[in-house]
Amino acid sequence: MNLERYVTELRAQLAATAETGDPETRAVAERLSLTLDAATRLMVLEVLSDAASEITREIAPGSVDVVFRGRDPHLVVTPPPGSAEEHTPAPEDPPAPTPEPLDDTVTSRTTLRLPDRLKARVEQAAAEEGLSVNSWLVRAIGTALEPKTRRAAKRDTRGGSRFTGWAR
């Protein structure tokens, strides 16, 4: 799904609206137009994520996921068991590759967008452990990807029958 057409349309609508104003209004609209790309993409991604979550609740145990290919989001639909799509033979998945040991000598730069509240929690956790945010995130991601550290389920200490944790 190419988001560029939505960003372009939003810019055009902003420009058309600004044309009815004075020169100062048009100048402000032009400056705002330059910053619309990231904000619009983020908002559209939030809408897609919310829609995918809502649809997933409706078709459970099927699901809808938002995945990225480059900068563009795509919706991946996993139909529930017993649906018509299930009877179509799916191509066989290639065997899972054997995980390679982590090579700490080569690094890549990745942009990560976090909600402000989550970012504040990450910064606090990193500070409590005396680590930079980057080091804390690298360690957290590495831990999450280690199969030995995943637990099938963890009993909620507040009582009841609520479970949290990793599942396969």
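Two strands are taken as paired if DSSP finds at least two bridges between them. Strand 1 (residues 63-69) and strand 2 (residues 72-78) meet this criterion, with seven bridges in the antiparallel sense. The two strands form a hairpin with two residues between them. Gly 70 takes a positive phi near 70° in this hairpin. Arg 69 has Asp 72, in strand 2, as its bridge partner. The model described here is predicted.

The protein contains five helices and four strands. Along the sequence these elements follow the pattern α-α-α-β-β-α-α-β-β. The chain has 168 residues, and buried residues make up 13% of them. The accessible surface comes to about 14100 Å². Carbon and sulfur atoms account for 57% of that surface. Contacts were also examined by sequence separation. Among those between residues at least 6 apart in sequence, 26% join residues at least 24 apart.

Strand 1 also holds Ser 63. The relative accessible area of Ser 63 is 17%. The cut-off for a buried residue is under 20%, so Ser 63 is classed as buried. Beyond residues up to four places away in sequence, Ser 63 touches Thr 56, Val 76, Val 77 and Thr 78. Of these partners, Thr 56 falls within the range of helix 3 (residues 36-59). Val 76, Val 77 and Thr 78 fall within the range of strand 2 (residues 72-78).

A second serine was examined in the helical part of the chain. Ser 33 is found in helix 2 (residues 23-34). Ser 33 has a relative accessible area of 15% and is therefore buried. With residues up to four places away in sequence left out, Ser 33 touches Arg 11 and Leu 14. Both partners fall within the range of helix 1 (residues 4-18). Helix 1 also contains Thr 8. Thr 8 has 41% relative accessibility and counts as partly exposed. Thr 8 and Ser 33 are 25 residues apart along the chain. Their C-alpha atoms are separated by 9.4 Å.

The second largest pocket was then considered. About 280 Å³ of space lies in this pocket. The lining consists of Leu 3, Ala 38, Arg 41, Leu 42, Leu 45, Phe 68, Gly 70, Arg 71 and Arg 113. Helix 3 (residues 36-59) contributes four residues, the largest share of the lining. By residue class, the lining divides into five nonpolar, one polar and three charged. Gly counts as polar in this scheme, so Gly 70 is the polar member of the lining. Arg counts as charged, and the lining includes Arg 41, Arg 71 and Arg 113. The pocket also draws on the hairpin region. Phe 68 is one of the lining residues and falls within the range of strand 1 (residues 63-69). Gly 70, with its positive phi near 70° in the hairpin, lines the pocket as well.

How values were computed. Residues are numbered from 1 along each chain as its sequence is written. This is a predicted model: local features need pLDDT of at least 70, side-chain atom pairs count only at pLDDT 80 or more; totals for chains, interfaces and linings use all residues. Side-chain values use heavy atoms; hydrogens and water are left out. On a 1 Å grid over the protein atoms alone, a cavity is a set of points where a 1.4 Å probe fits but cannot get out, and a pocket is an open set with protein on both sides within 12 Å along at least five of seven lines; lining residues have an atom within 4 Å of a point. Grid points are joined across faces, edges and corners, and a volume is the space filled by probe spheres set on the points. Buried means under 20% relative accessible area, exposed over 50%, partly exposed in between (1.4 Å probe, protein chains only). Contact means heavy atoms within 4.5 Å. Accessible areas come from the Shrake-Rupley method with a 1.4 Å probe; for residues, only the protein chains shown count as cover.
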